[in-house]
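Me: I have a model open and want to go through its metal sites and a few other spots. Can you take me through it?

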Amino acid sequence: MSKSAVRLGTEPSWTFPMQGDNHFTWEYDQGRDQLLTLYQKGKEKQWDSARRIDWSLEVDPYDVLGTPENTLALYGSRQYDRLDDRARKEMRQHMAAWEFSQFLHGEQGAMICSARIVESVPDMDSKLYAATQVMDEARHAELFARFVDEKIGLRYPINPHLKALLQDALSDSRWDMPYLGMQVLIEGLALAAFGILRDRTDKPLPKQILTYIMQDEARHVAFGRLALRDYYTQLTSSEIAEREEFVIEGCYLMRDKFRMQEVWETLGFDMKESLEYMNRGPRMRAFRSLLFARIVPCVRDIGLWGPRVRKAYDDMGVLDLATSDLLKLMADDEAQAELLDRERRELEVRRDEVHRIIAAGARQN
Ligand SMILES: [Fe+2]
Ligand SMILES: [Fe+2]
């Protein structure tokens, strides 16, 4: 698929048993309008990364996103101060490799989860829509694999906590749990991370990748939100409490455990100091609350909004995010992708014009 990169980790694959029932339905004609509209959009908006992304753009593997030094996670720590220039560059490459590798593995997880949803969800409208998402996630996995291997040149294995979360979501026989774990929690986190990087980077290739992927992800979040909101109104309070517990645990895990431990280990950094700094450093604290910008309003919208969930979000300092308008955020993600397409087209027209003028000038001389 793409040229080989240095690969850390030795595990070539990962298997665990599947749970739950396959679900066929013979009700082909009872689709909900909103879900069928989303399905239609899912079909129309497919795109090919080989053509839509300009792979000729160069990427500096030691400065993938053009991140200013003072926004790096360990900036200001004693560990960071001990590094010379070469070690700092190496750290940047490893951090970008770790981050984009987790996106890559997460996309594979999303592909497997949406395939599972096709099999297990009771309604035909959800099956149809989820089938388009399988293809979206396949394209995303293809795209991140190419970016990591060709442009960063270094690939990290899956983070053990991401792995645990995926396994939890996929090992549950209840059909809504892969949705909740994947569509709401993991995708919600990934989407917020994509958004932060998209808005911060001034490098054209990662900008294109993140902007276009976010255009698709807006549909995925809308789907999880619609399908779960309907279903959760039918559950008993103890069934709701179980889902709320899952959300709370998942959110704490994502807040506390994604600390690039593997990077600090690989580079031989002082582990205790690095992890502590990741926990209490000013940049990471602000970054972590931004990471919940998509999850919190979604959890509220699907009706998992009991006192325990609110208390947990209050404790994490992210309760205020509940009032942000998810639909507006998603519409904005789609608009940004369209705007980028327009700007690139205009740039191409201008370039063609310049070439024509130069060629005409050469002919006259
Ligand atoms: Fe995706
Ligand atoms: Fe997705």
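Reply: What follows covers the metal sites, then some single residues. This is a predicted model, in which local features need pLDDT of at least 70, side-chain atom pairs count only at pLDDT 80 or more, and totals for chains, interfaces and linings use all residues. Residues are numbered from 1 along each chain as its sequence is written, chains are lettered from A and ligands numbered from 1 in the order in which they are written, and side-chain values use heavy atoms, with hydrogens and water left out.

Me: What are the protein donors of the iron ion (ligand 1)?

Reply: Glu107 (OE), Glu137 (OE), His140 (ND1) and Glu217 (OE), lying 2.0 to 2.3 Å from the ion. Donors are N, O and S atoms within 2.8 Å of the metal (3.2 Å for Na, K and Ca), and since water is not among the atoms, sites may look incomplete.

Me: Which geometry does the site of ligand 1 have?

Reply: Irregular, with angles of 86 to 136° among the four donor atoms. For reference, four donors count as tetrahedral if all angles lie between 85 and 135 degrees; four count as square planar and six as octahedral if opposite donors are over 155 degrees apart and all others between 65 and 115; anything else is irregular.

Me: How are the donor residues of ligand 1 spaced in sequence?

Reply: The pattern is E-x29-E-x2-H-x76-E. The pair His140, in helix α5 (residues 124–152), and Glu217, in helix α8, links distant parts of the chain, 77 residues apart. Helices (H or I, at least four residues) and strands (E, at least two) are DSSP runs, numbered from the N terminus.

Me: Are His140 and Glu217 buried or exposed?

Reply: Both His140 and Glu217 are buried. Buried means under 20% relative accessible area, exposed over 50%, and partly exposed in between (1.4 Å probe, protein chains only).

Me: And what coordinates the iron ion (ligand 2)?

Reply: Glu137 (OE), Glu187 (OE) twice, Glu217 (OE) and His220 (ND1), at 2.0 to 2.7 Å. Along the chain these donors follow E-x49-E-x29-E-x2-H. Here Glu187 in helix α7 (residues 176–200) and Glu217 in helix α8 (residues 204–232) are 30 residues apart, again a pair linking distant parts of the chain.

Me: How much accessible area do Glu187 and Glu217 have?

Reply: Glu187 has a relative accessible area of 5%, and Glu217 has 2%.

Me: How far apart are the two iron ions?

Reply: They are 3.2 Å apart, and Glu137 coordinates both.

Me: Change of topic. What does the side chain of Arg139 contact?

Reply: The side chain of Asp216, in a polar contact at 3.2 Å. A polar contact is a pair of N or O atoms within 3.5 Å; within protein, one must be able to donate a hydrogen and the other to accept it, and residues adjacent in sequence count only if both atoms are side-chain atoms. Arg139 is in helix α5 and is buried, at 6% relative accessible area.

Me: Where is Met260, and what is its phi?

Reply: Met260 lies in the loop between α9 (237–257) and α10 (261–266). Its phi is near 55°, a positive value in a residue other than glycine. Met260 is buried, with a relative accessible area of 8%.

Me: Last one: is Glu58 buried or exposed?

Reply: Glu58 is exposed, with a relative accessible area of 75%. Glu58 sits in the loop between α2 (49–52) and α3 (78–81).
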